[in-house]
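This report goes through one protein chain, beginning with its charges and overall figures and moving on to its cores and strands. Please keep the sequence and the 3D view at hand while reading.

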Amino acid sequence: MRKSISLGFLLLCGQLFAQPQIAQDDFEGNSTINTWFGDDCGMDINTNNPLPNSSNPSAKVLKYTDVGGQYANVRFDAGFNFNLVSSSVFSLKIYVPSTGITGNQPNQISLKLQNGGLGSPWTTQCEIIKPILLNQWQTVTFNFATDPFINLDPSSANPIYRNDFSRVVLQVNGENNTSRVVAYLDDFLYSGNAPTGYNLIWSDEFDGTGAVNNLKWHHQTQLPNGTGWYNGEVQHYTNRQVNSNQANGVLNLTAKKEVYTSQGQTKQYTSARLNSKFAFKYGKVEVRAKLASGAGTWPAIWMLGKNIIEPGAYWSSTFGTTSWPACGEIDIMEHWGNNQNYVQSAMHTPSSFGSTVNYGGQTISNASTQFHTYVMEWSANSIIFSVDNVVHYVYNPAVKNASTWPFNSEQYLLLNIAIEPSIPASFVQTTMEIDYVRVYQQGALSTPSMADKSNARVYPNPVSEMMTIAVDSSHLNSKANLYSITGQLLHSFVLNETENTIDVGILAPGIYFLEIQSDRGIERQKFIKK
């Protein structure tokens, strides 16, 4: 049987291609900036270049005329929030003739980043000021990772840790003055694409029903010391569906108040603790979750070294050589119900563990009522933690050795809800819902989690318009994902037939990946769009 799948309708919904983080304008028709605005000044975005030369041969530029307005500036809204972790540099060309200046203001240009969604967007702005020379074209760069910056609100975070900036404001020769200045601007550029080369290498979208996929997850239930869990926790972890199950596209981890006996020990609470049957070194973990709540609850999304010695852990019996904390622990997200809506990330190493000094967090006002995306990016140099693209902690010790950096070996993922001894008698149950878990790596084109042999194929390859996905009966009703070479999810659909035809004519030329998620695991086919 053959089924035809069209991607065309997705363009109407704006879902197929996420816009790259590029803001540029050469004022000659090559622009990603929809509209420039002038405040307290004159502005013309189609002015002849008054000084065409080798430094700037452009025919057209933007003319900025401050006629004495106290807060004169030009600005634009990018249409996205700048990711300063990915790219922190803005640049432009400027020419200021001395004949257009009055007063004695310093010759300078400032670039201000603001949250354009605020009613008073300047209140949390961050600004970099650069000196300029008169009577010549020059290129000025603003680097929010390395240049001195000014936060209008001193309590605002370092700009590199923020991702709420969506507006750029440019101001020549300062504000709070009535001096005049004429300036010409050209070739504005911000190129902030996400790090290139990220490819999805493992994931669980939790699209099944009932039991958790045992090809991907191990239920860790064994009491590590024979009587209880660490930190004085009072729960039993079980492999029952009442504590962990898939339904409606999410994984439900549920902690319950109930009398439960296992391994000769009776406890008053049950929960679930999952180990991933997948380990990796370096990459990005992305988990979309709605957290459990209630005083005494302790939901977590975290990682441990594959080499840990821990009774009952999935990898320990085969690879266990190292005790905690020498194996290294990465806490992507921890949440304590007695500090509702505060989420924390932390590092445990031989140099600092338990009540570690290596942590950071932020308040999410609806952490237990809405889904949020928790991300950890791990490289050989640093580990970065964020929620919904807002960075709250970077671990980057100056000296990296076995004591501070046991993070040069594979780690695996853990999902669990622990119960603290302080749990109130009124507690009944709570659930952490997880929409998906995804692991990416840069430049990775294959992964050991994939099936060794694939019974799926795509043809023709290379393809111009129509491509056929041929599968055997074991893949029927499997989910298929289409990814760009950078790991960007473009489209998802279900393989309902043994031959499924998909129209890829709207894709730009390049390399793409078709990923099929079935009981066999993850299988990937690379294809080339001509």
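For the count of charges, Lys and Arg are taken as positive and Asp and Glu as negative, while His and the chain ends are left out. On that basis the chain carries 33 positive and 40 negative charges, whose mean positions are 5 Å apart. The coordinates belong to a predicted model, and the values below are computed from it.

**The chain as a whole**

The C-alpha atoms fill a box of roughly 90 × 60 × 45 Å along the principal axes, and the accessible surface comes to about 22300 Å², with 49% of that area belonging to carbon and sulfur atoms. Of the 530 residues, 53% count as buried. The secondary structure consists of 2 helices and 37 strands. When contacts between residues at least 6 apart in sequence are considered, 72% of them join residues at least 24 apart.

**Nonpolar cores**

In soluble globular proteins, nonpolar side chains tend to be buried together. In this chain the largest nonpolar core has 47 residues, and the ones with the most contacts inside that core are I330 and I383. Which residues does I383 touch, once its neighbours within four places in sequence are set aside? The contacts of I383 are I330, M347, M376, E377, W378, Y393, V394, Y395, W405 and F407. A second core, separate from this one, has 37 residues, among them A72, F90, L170 and V172.

**Strands and their pairing**

Strands of a sheet pair through backbone hydrogen bonds, either parallel or antiparallel. One open sheet of 6 strands runs in the order β3-β6-β12-β8-β9-β11 and has antiparallel pairing; its edge strands, β3 (37–39) and β11 (150–151), each pair on one side only. Within this order, β8 and β9 are joined by 6 bridges, and I109 stands opposite K130 in β9.

Another antiparallel pair is formed by β2 and β13, with 4 bridges between them, and here D25 stands opposite F188 in β13. The two pairs are set out below.

| Strand | Partner strand | Bridges |
|---|---|---|
| β8 (residues 108–114) | β9 (residues 126–131) | 6 |
| β2 (residues 22–25) | β13 (residues 181–191) | 4 |

In a regular strand the side chains alternate between the two faces of the sheet. For β2, the covered face holds A23 and D25, whereas I22 and Q24 lie on the uncovered one. D25, the residue opposite F188, is therefore to be looked for on the covered face of β2.

Definitions and conventions. Residues numbered from 1 in each chain as written. Predicted model: local features only at pLDDT ≥ 70, side-chain atom pairs only at ≥ 80, totals over all residues. Heavy atoms only, no water. Core = buried A, V, L, I, M, F, W, Y, C linked by side-chain atoms within 4.5 Å. Buried < 20%, exposed > 50% of the residue type's maximum accessible area, 1.4 Å probe, protein only. Contact = heavy atoms within 4.5 Å. Pairing = 2+ DSSP bridges. Areas by Shrake-Rupley, 256 points an atom, 1.4 Å probe, with all protein chains shown as cover. Charge placed at Lys NZ, Arg CZ, Asp CG, Glu CD.
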